[in-house]
Amino acid sequence: MKQPQARNSRRQSLQIRRARKNDRDAIWRIFRAVVARGDTYVFDPHISRTKALGYWFGQKRRCYVAVSDERIVGTYILNPNQPALGSHVANAGFMVAPSAQGRGIGRAMAEHCLREAERLGFRAMQFNFVVATNKPALQLWKALGFRIVGTLPGAFRHIRRGFIDVYVMYRQLKAVV
Ligand SMILES: CC(C)(COP(=O)(O)OP(=O)(O)OC[C@H]1O[C@@H](n2cnc3c(N)ncnc32)[C@H](O)[C@@H]1OP(=O)(O)O)[C@@H](O)C(=O)NCCC(=O)NCCS
């Protein structure tokens, strides 16, 4: 378990900014390492670089990176969850490099993402696919005010554990009065 002081000093040196074209290699390394585990995202664990980056840098999607000591240690995307009449609800996806997980980077990116979503005028945020065994994610989303609004029985085929439930999680944003 990391000491709170260590976590705080790491977070102070963390910079979160919009992704640039030349961040792609670093983002791909993180993406590949995260999906290869087959325990949190539905992507093919052997997905190609082109497909992965095509998704992460997709249309209507804003992509961000977390930088620590000039190294990209995490990335997140923010986009409308639905088109047109559902576009006031945001959706986001987060990936921290496996070697950097558990040090507060996910929380820092999520807090940044919530601020960005509010700034952009979204009224709520929805996570469509939170795997029930993904304890760090569940813990973090709950701590940030998301609640489980639905369960999709066996909707994820975990690479080691087989069929696992998936949660849909939701929270309003401050923009709502
Ligand atoms: C989920 C993820 C984004 C969290 O980022 P992180 O940097 O590892 O997490 P943090 O260090 O910011 O910790 C977040 C919270 O989870 C808790 N946590 C971390 N590891 C945990 C574990 N193994 N079990 C339970 N809780 C855990 C921490 O205590 C922390 O809570 P707090 O901020 O209230 O103290 C990151 O682990 C990740 O990229 N995982 C793989 C991809 C993924 O699951 N993405 C989300 C899909 S919904």
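User: Which residues does M109 touch, not counting residues up to four places away in sequence?
Analyst: This is a predicted model, in which local features need pLDDT of at least 70 and side-chain atom pairs count only at pLDDT 80 or more, while totals for chains, interfaces and linings use all residues. Residues are numbered from 1 along each chain as its sequence is written. With contact taken as C-beta atoms, placed from the backbone, within 7 Å, M109 touches I16, A66, G74, Y76 and F94.

User: Which element gives the largest share of the largest nonpolar core?
Analyst: This core joins buried Ala, Val, Leu, Ile, Met, Phe, Trp, Tyr and Cys residues through C-beta atoms within 7 Å, buried meaning 20 or more other C-beta atoms within 10 Å. M109 is among the members, 31 in number, that touch the most others, as are F31 and Y76. Two or more residues come from each of α2, α3, β2, β3, β4 and α4, helices being DSSP runs of H or I of at least four residues and strands E runs of at least two. The largest share, seven residues, belongs to α4.

User: What arc around the axis do the buried residues of α2 cover?
Analyst: The buried residues of α2 are I27, I30, F31, V34 and V35. They lie on the same side of α2, because the directions from the helix axis to their C-beta atoms cover an arc of only 115 degrees.

User: Against which elements do these buried residues of α2 pack?
Analyst: F31, one of the buried residues of α2, also belongs to the largest nonpolar core. The packing partners of the buried residues in α2 are α3, β2, β3 and β4.

Key:
A residue is buried if 20 or more other C-beta atoms lie within 10 Å of its own, exposed if 12 or fewer, and partly exposed in between; C-beta atoms are placed from the backbone. Two residues are in contact if their C-beta atoms, placed from the backbone, lie within 7 Å.
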